[in-house]
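Trainee: Could you take me on a close look at a single part of this model? I would like to follow one sheet and what packs around it, strand by strand.

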Amino acid sequence: MASVVEVERLSKHFGRVHALNQISFDVQEGEVLGFLGPNGAGKTTTIRILLGLLHGDGGTAKIGGHDCWTDHVRASRFFGATLEQPGFYGFLSGRDNLRQFARMLGPVDEKQITELLDTVGMTERGDDKVKRYSMGMRQRLALAQALLGKPRLLVLDEPTNGLDPNGIHGLRILLRKLATEQGLTIFFSSHLLSEVEELCDRVVVLHRGEVKASGPLSELMNVKGFRYRIDVSDVDKALEVVRAVDGAKAEPGTIKDSINVTADTDIARLVNYALVKAGIGVDQLVRSEQGLEDVYIQLTGVPVASPLSSPVPPAPPVPPVAPR
Amino acid sequence: MSILASLIRNEFEKTWRSRWIVFAVLFGLFLLIAVGLYAYFVYREHRWTPPPSVAWQAQLRDEIASNQQTIVNLEQVKQQAQGQGGTVRVGGRNGPGLSIDDAIAQTQQAIADDQYLIDHNIAPVQSFAVAQASLFALGGIVMFLLTRIFGWLASEQIAGERSDRTITILLSRPPSRNQVLFAKAFASFLISLVVVLLALVIIYAMFAFFLGSPGSLTDQAAVAMDGAKPLGPGNLLQMPIYLFVFMCIGAAMLGVLCVQGMSLLISVVTGRWAAIGITLALLFGAPLVSTVVAGILFLISGSLGSAHFLNYLFFNVLAPVGSVAPAFGNSTAAAGSGINEFTFELETLAVWTFGFFLAAWLLFRRKQEAG
């Protein structure tokens with residue numbers, strides 16, 4: 001398969017801030033690539049460089065073999081794109097906005113505009129002025145705009161922002177359909193790991209301007225060990241006991257009266273034995289596959305969608321417990 | 001080419017759909033000016049209908065008679081002032097005032113000029129309805145207002161897209177930045193041309209009414225090369241009146257283009273409200289400051305010419321038509337009058353306009369949109 005997007009040692013800094021530090025990745029034709037990273041990782045900067053809105057300070061960014069800055073006109077014929085917080089002309093209707101952008105690509109195809117409005121579920125509101133649209137409706141219109149001119153590559157920056165659960169579900173189905181039925185290449189940036197996990201063939205994880213990992217999802221998620229959720233009668237004491245088990249890492253669970261344990265080897269029996277021996281009631285011990293979320297946290301050190309922004313304090317030192 | 005035409009069409013649609021109320025207000029303003037002129041006509045002429053047409057020679061003779069009466073009045077004022085041991089200054093069109101002797105000399109010069117034109121059968125440019133309309137519509141308060149409005153609209157061209165976040169789509173699509181910028185500048189210019197022509201037509205209709213005839217469009221008309229010197233063979237430019245009108249339209253549109261270039265340059269580097277604020281502050285504030293400076297220089301030197309260098313600043317020469325003939329309170333800083341001053345102002349404007357567009361183009365093609 002040929003590469004539609006080629007990013008090679010791309011760097012970008014804003015003043016003293018290094019937004020991108022020699023990142024390299026590519027997107028193969030027909031694949032759905034997830035672009036992951038916490039806020040400030042450099043995702044949007046990368047996408048802006050690909051769209052020809054910024055130019056890199058070093059390295060190259062190409063789409064369809066054309067440099068995104070010096071040969072932008074040719075590169076831009078390959079893709080349609082939506083950026084975070086899409087902007088439209090509020091005084092025009094959704095349909096008129098699409099007409100405006102369609103004219104930039106050539107003669108306006110009214111049939112295609114009607115079909116696109118239908119595709120994104122905006123048929124009924126297409127003739128309303130955009131200033132009356134909700135954020136979710138703007139996102140849908142942005143997707144329709146990106147699909148104008150039948151591009152080979154779709155670049156989506158946080159396309160689920162502002163969408164309700166139904167909208168997110170609908171978007172997922174639509175993107176999967178576009179990828180499978182039309183062979184569209186999709187470059188998809190999102191914070192919603194579940195979306196990326198369900199949609200993408202491959203992911204690139206970006207953190208502080210550097211690529212931390214890239215590859216097929218299956219590979220990324222299989223090499224990272226074991227994870228357990230244990231429902232216990234005394235969380236504090238259980239944490240103390242489990243942390244003493246060789247190779248185990250424990251933290252309070254998100255579910256009440258539970259702890260999460262990770263380890264490189266299967267230590268389920270050891271942990272269960274230690275807890276029971278310490279007199280802690282174990283209601284259940286669930287072994288789960290490593291999810292993308294775990295990989296993401298391990299690579300970036302940033303909790304996903306943490307309701308509290310304050311960092312988790314380090315665990316207090318625990319005296320080792322000799323195994324019996 | 002088709003993409004460029006599409007971009008221009010987009011600009012027309014966006015401007016009309018977002019700013020139609022501005023154009024409606026402008027049209028209402030033109031009608032208001034027409035009604036105001038008509039009310040003034042009725043008040044002055046004591047009639048509702050057009051007067052009988054008067055030949056330009058008769059107009060000049062009336063003007064000579066009127067000027068002779070003015071001299072008599074000025075002489076009387078001078079004698080009274082001398083009797084009281086004081087001095088009197090009279091208000092001048094282009095400066096803080098003239099001594100009474102200078103005013104008398106100026107009026108005598110006007111009589112001599114009129115007589116020269118009658119003697120040589122040369123029609124003055126002001127004797128044509130269309131020329132008067134051109135001087136009024138393209139050289140005075142109307143253009144002052146229009147250039148500010150066009151400046152405001154142009155200042156939103158790129159800055160508005162940035163504030164609306166539509167610039168990301170605009171610049172990520174196939175049209176090049178050069179095409180985007182050209183389409184915006186061209187559309188702005190065409191829209192302003194239509195508005196200016198509409199203003200000219202409405203005001204021409206009014207002047208034709210006041211003079212009792214639309215007047216000739218093909219006769220020869222004369223303009224002084226240097227309005228401060230006596231008219232004569234070396235100080236008179238003759239041309240068909242339609243050419244004079246085209247010249248005025250061209251000059252007025254160069255002023256508009258200069259403002260649009262400046263606004264576009266500001267628009268390239270700022271957001272919407274900053275661009276509008278800076279543009280309007282420059283267009284309204286700078287001439288005001290310049291007028292104050294011109295006044296101070298006159299007080300120090302006693303000469304109107306001492307502040308003429310201020311006309312190298314673009315905001316003082318945005319309506320160069322006013323310098324062809326000093327009519328209707330043209331406010332150019334310490335301007336002279338006549339074709340020589342007109343040419344100087346056009347050259348000044350051309351340099352500024354080229355500079356503004358060049359700077360806007362250079363900045364826009366390298367401008368990074370970091371969001």
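**A four-stranded sheet in chain A**

Mentor: Gladly! Let us start with one pair of strands: E12(A) and E13(A) run antiparallel to each other and are joined over four bridges. Within that pairing, A:Glu251 stands opposite A:Asn260 of E13(A). Please keep in mind throughout that this is a predicted model.

Now move on to E11(A), which spans residues 226-232. E11(A) pairs with E13(A) in the antiparallel sense, over six bridges. E11(A) also pairs with E14(A), residues 282-288, again antiparallel and over six bridges. A good residue to click on here is A:Tyr228. In E13(A), its bridge partner is A:Val261; in E14(A), the bridge partner of A:Tyr228 is A:Arg287.

Put these pairings together and you have an open sheet of four strands in chain A, in the order E12-E13-E11-E14, with antiparallel pairing. The edge strands are E12 and E14 of chain A, each of which pairs on one side only. From one strand to the next, the twist averages 20°.

Next, look at the helices around these strands. H10(A), residues 268-277, packs on the sheet and touches E11, E13 and E14 of chain A. The direction of H10(A) makes about 165° with that of E14(A).

Then there is H9(A), made of residues 235-243, in which A:Ala238, A:Val241 and A:Val242 are buried. Viewed down the axis of H9(A), the buried residues fall within an arc of 95°, so they line one face of the helix. And what covers them? The cover over the buried residues of H9(A) includes three strands you have already met, E11 (226-232), E12 (249-252) and E13 (258-263) of chain A, along with helix H10 (268-277) of chain A.

While you have the model open, do turn to the other chain as well. In the contact between the chains, 23 residues of chain B meet 25 residues of chain A. On the chain B side, helix H1 (2-45) and helix H6 (167-172) each supply at least two residues. H1(B) gives the largest share of that side, eight residues. By character, the residues of chain B that touch chain A divide into seven nonpolar, nine polar and seven charged.

If you want one place to come back to, choose A:Tyr228, with A:Val261 as its bridge partner in E13(A) and A:Arg287 as its bridge partner in E14(A).

Notes
Residues numbered from 1 in each chain as written. Chains lettered and ligands numbered in written order. Predicted model: local features only at pLDDT ≥ 70, side-chain atom pairs only at ≥ 80, totals over all residues. Buried ≥ 20, exposed ≤ 12 C-beta atoms within 10 Å, placed from the backbone. Arc of directions from axis to C-beta. Contact = placed C-beta atoms within 7 Å. Pairing = 2+ DSSP bridges. Nonpolar A, V, L, I, M, F, W, Y, C, P; charged D, E, K, R; others polar. Axes fitted to C-alpha atoms, helices over the stretch in contact; angles between N-to-C directions.
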